[in-house]
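Student: Could you take me through one part of this model in detail, with the cut-offs spelled out as you go? I'd like one connected answer rather than a list.

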Amino acid sequence: MMRQQMKPKWKAHGIVTNGGTKPNIIPEKAELVYNLRAPSEKELAVLKKRAIGVFESAAKMTGCQVEIEEISGYSNVLSNPVLTKLYEQNASSFGI
């Protein structure tokens, strides 16, 4: 359901890293890794808040506990038009 609440440039990628060994048995512990991406740190903060809300709500709904370990990410990518133009000019002087 969270997908419907996400902006087009927001991305959430996840994988189950520990989900038990049998398909018909609910494991005592499960682990997920999720990567969240957004165009700016401000938008990422909103996305992160929503994702954490989803994880906490799912745990509450199923009577489980959730532990969230945040790993730092990358800051905004800011382009520099002046430096880009200089790079292109220099590269073309070498025939690139």
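**A surface patch and what surrounds it**

Tutor: Let's start at Val 16, which sits in strand β1, residues 11–18 (helices, H or I with at least four residues, and strands, E with at least two, are DSSP runs numbered from the N terminus). Before going on: this is a predicted model, where local features need pLDDT of at least 70 and side-chain atom pairs count only at pLDDT 80 or more, while totals for chains, interfaces and linings use all residues. Residues are numbered from 1 along each chain as its sequence is written, and side-chain values use heavy atoms, with hydrogens and water left out.

Val 16 has a relative accessible area of 53%, so it is exposed (buried is under 20%, exposed over 50%, partly exposed in between, with a 1.4 Å probe and protein chains only). Together with Leu 32 and Tyr 34, Val 16 makes a nonpolar surface patch of about 300 Å² accessible area. Those areas come from the Shrake-Rupley method with a 1.4 Å probe, and for residues only the protein chains shown count as cover. As for what makes a patch, its residues have over 30% relative accessible area and no salt bridge; like charges are joined within 9 Å and nonpolar side chains (Val, Leu, Ile, Met, Phe, Trp, Tyr) within 5 Å.

Now follow the patch to Tyr 34, which is partly exposed at 40% relative accessibility. What else does this ring do? The structure holds 1 aromatic pair, and Tyr 34 is in it: its ring centre is 5.3 Å from that of Phe 55, and the planes are at 55 degrees, so the pair is tilted. The rule is that rings of Phe, Tyr and Trp (its six-membered ring) pair if their centres lie within 6.5 Å, with planes under 30 degrees apart called stacked, over 60 edge-to-face and the rest tilted. Since Tyr 34 is in strand β2 (residues 31–37) and Phe 55 in helix α1 (residues 41–62), the pair ties together parts that are 21 residues apart in sequence. Phe 55 is partly exposed too, at 25% relative accessible area.

Both rings come up again in the largest pocket, which holds about 1800 Å³ of space. It is lined by 39 residues, and the closest to its centre are Leu 32, Val 33, Tyr 34, Phe 55 and Ile 68. The elements giving two or more residues to that lining are β2 and α1, and α1 gives the most, with 9. On a 1 Å grid over the protein atoms alone, a pocket is an open set with protein on both sides within 12 Å along at least five of seven lines, whereas a cavity is a set of points where a 1.4 Å probe fits but cannot get out; lining residues have an atom within 4 Å of a point. Grid points are joined across faces, edges and corners, and the volume is the space filled by probe spheres set on the points.

Stay with α1 for the charges. The count comes to 3 salt bridges, each being a side-chain nitrogen of Lys or Arg within 4 Å of a carboxyl oxygen of Asp or Glu. In one of them, Lys 7 and Glu 43 have their closest N and O atoms 3.9 Å apart; Lys 7 is in the segment before β1 and Glu 43 in α1, 36 residues apart, so to speak a link between distant parts of the chain. Lys 7 is partly exposed at 44%, and Glu 43 is partly exposed at 22%. Another joins Lys 48 and Glu 70 at 2.8 Å, N to O. Lys 48 lies in α1 and Glu 70 in the loop between α1 and α2 (81–93), so this pair ties together parts 22 residues apart in sequence. Lys 48 is partly exposed at 34%, whereas Glu 70 is exposed at 53%. Glu 31 and Lys 29 also form a salt bridge, with 3.3 Å between the closest N and O atoms; Glu 31 is partly exposed at 33%, while Lys 29 is exposed at 53%.

Finally, a bit of scale along the helix: Lys 42, in α1, is exposed at 70% relative accessibility, and its C-alpha lies 19 Å from that of Val 54, 12 residues apart in sequence.
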